[in-house]
Amino acid sequence: MADPELQLVAKSIRSFPDFPIPGILFRDISPLLKDPDSFRASISLLANHLKKTHGGKIDYIAGLDSRGFLFGPSLAQELGLGFLLIRKRGKLPGPTVSASYALEYGKAELEIQKDALEPGQKVVVVDDLLATGGTMRTACDLLDQLRAEVLECVSIVELTSLKGREKLGAVPFFSLLQYE
């Protein structure tokens, strides 16, 4: 890891064993958010990746409720783009479309406002972390309902052992940091 910005981001992720339950190694982004240089580096690295990969072809950044809201608006601002909210069910006013996904015990739903974008517009989805991929896959399905083109999904952290990238199918995925 030679890139000084990436090193700065990596140093600001801390680990908590057995949280929230025994056997889980929790990756905490709180120090990243607390340190302006680390946060700025994370946004810069994601923005540079998206510029190189997609040039000026992105219309919007979409963030996942709730930690995607921490990175998405700053990333959108850095790229000169608008930001779209993908929220948990019941949090958005007006007409919405929704998609559900399975949880360990039950299911959850995500929503987006029906008029959030026009068919054919190009979107990048951002969240803080990719684990099993269920939430990010559902966000892609939601955007598909609106006939948007999902160019890529990005996150700060990826837990590779959970194989969430595989759930995204053909949608490209990029993360700054990968952990088992």
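Trainee: How do I read helix H1 (residues 4-11) against H3?

Mentor: Start with the general idea. Two packed helices are described by the angle between their axes and the distance between the axes. In this predicted model, the axes of H1 and H3 come within 8 Å and cross at roughly 125°. H1 and H3 are therefore oblique to each other.

Trainee: What is the handedness of the crossing of H1 and H3?

Mentor: The crossing is left-handed.

Trainee: Which residues of H1 and H3 meet?

Mentor: From H1, Glu5, Leu6, Leu8 and Val9. From H3, they meet Asp37, Ser38, Ala41, Ser42, Ser44 and Leu45.

Trainee: How many residues does H3 have, and what span is expected?

Mentor: H3 covers residues 36-54, which is 19 residues. From first C-alpha to last, H3 reaches 26 Å, close to the 27 Å expected at 1.5 Å a residue. Gly55 follows H3, and its phi is positive, near 55°.

Trainee: Which residues of H3 are buried?

Mentor: General idea first. An α-helix has 3.6 residues a turn, so residues three or four places apart point the same way. Now the case here. The buried residues of H3 include Ser38, Ala41, Ser42 and Leu45. Those residues also appear among the H3 contacts with H1. Phe39, Ile43, Leu46 and Leu50 are among the other buried residues of H3.

Trainee: Now the sheet. In what order do the strands stand?

Mentor: Strands of a sheet pair through backbone hydrogen bonds, either parallel or antiparallel. Here, seven strands make an open sheet, ordered S5-S6-S4-S3-S7-S8-S9, with mixed pairing. Strand S5 (96-103) and strand S9 (173-179) are at the edges, each with a single partner strand, so one side of each has no neighbour in the sheet. From one strand to the next, the twist averages 20°.

Trainee: Which pairs show the mix of parallel and antiparallel?

Mentor: Take S3 (residues 60-64) and S4 (residues 82-88): they run parallel, joined by five bridges. Ala62 has Leu84 in S4 as its bridge partner. S4 and S6 are antiparallel, over two bridges. There, Lys88 stands opposite Leu110 in S6. S5 and S6 are also antiparallel, over eight bridges. Ser100 is partnered by Glu109 in S6.

Trainee: Which strands do helices H4 and H5 lie across?

Mentor: H4 (residues 68-79) lies across S3, S4, S7 (122-130) and S8 (149-159). H4 runs at about 165° to S4. H5 (residues 134-145) lies across S3, S4, S5, S6 (106-113), S7, S8 and S9. H5 runs at about 155° to S5.

Technical notes
Residues are numbered from 1 along each chain as its sequence is written. This is a predicted model: local features need pLDDT of at least 70, side-chain atom pairs count only at pLDDT 80 or more; totals for chains, interfaces and linings use all residues. Side-chain values use heavy atoms; hydrogens and water are left out. Two strands pair if DSSP finds at least two bridges between them. Helices (H or I, at least four residues) and strands (E, at least two) are DSSP runs, numbered from the N terminus. Axes are lines fitted to C-alpha atoms, for helices over the stretch in contact, and angles run from 0 to 180 degrees between N-to-C directions. Contact means heavy atoms within 4.5 Å. The expected span of a helix is 1.5 Å times one less than its number of residues. Buried means under 20% relative accessible area, exposed over 50%, partly exposed in between (1.4 Å probe, protein chains only). Angles under 35 degrees count as roughly parallel, over 145 as roughly antiparallel, 65 to 115 as roughly perpendicular and the rest as oblique. A crossing is left-handed if the near helix is turned anticlockwise from the far one by less than a right angle, and right-handed if clockwise.
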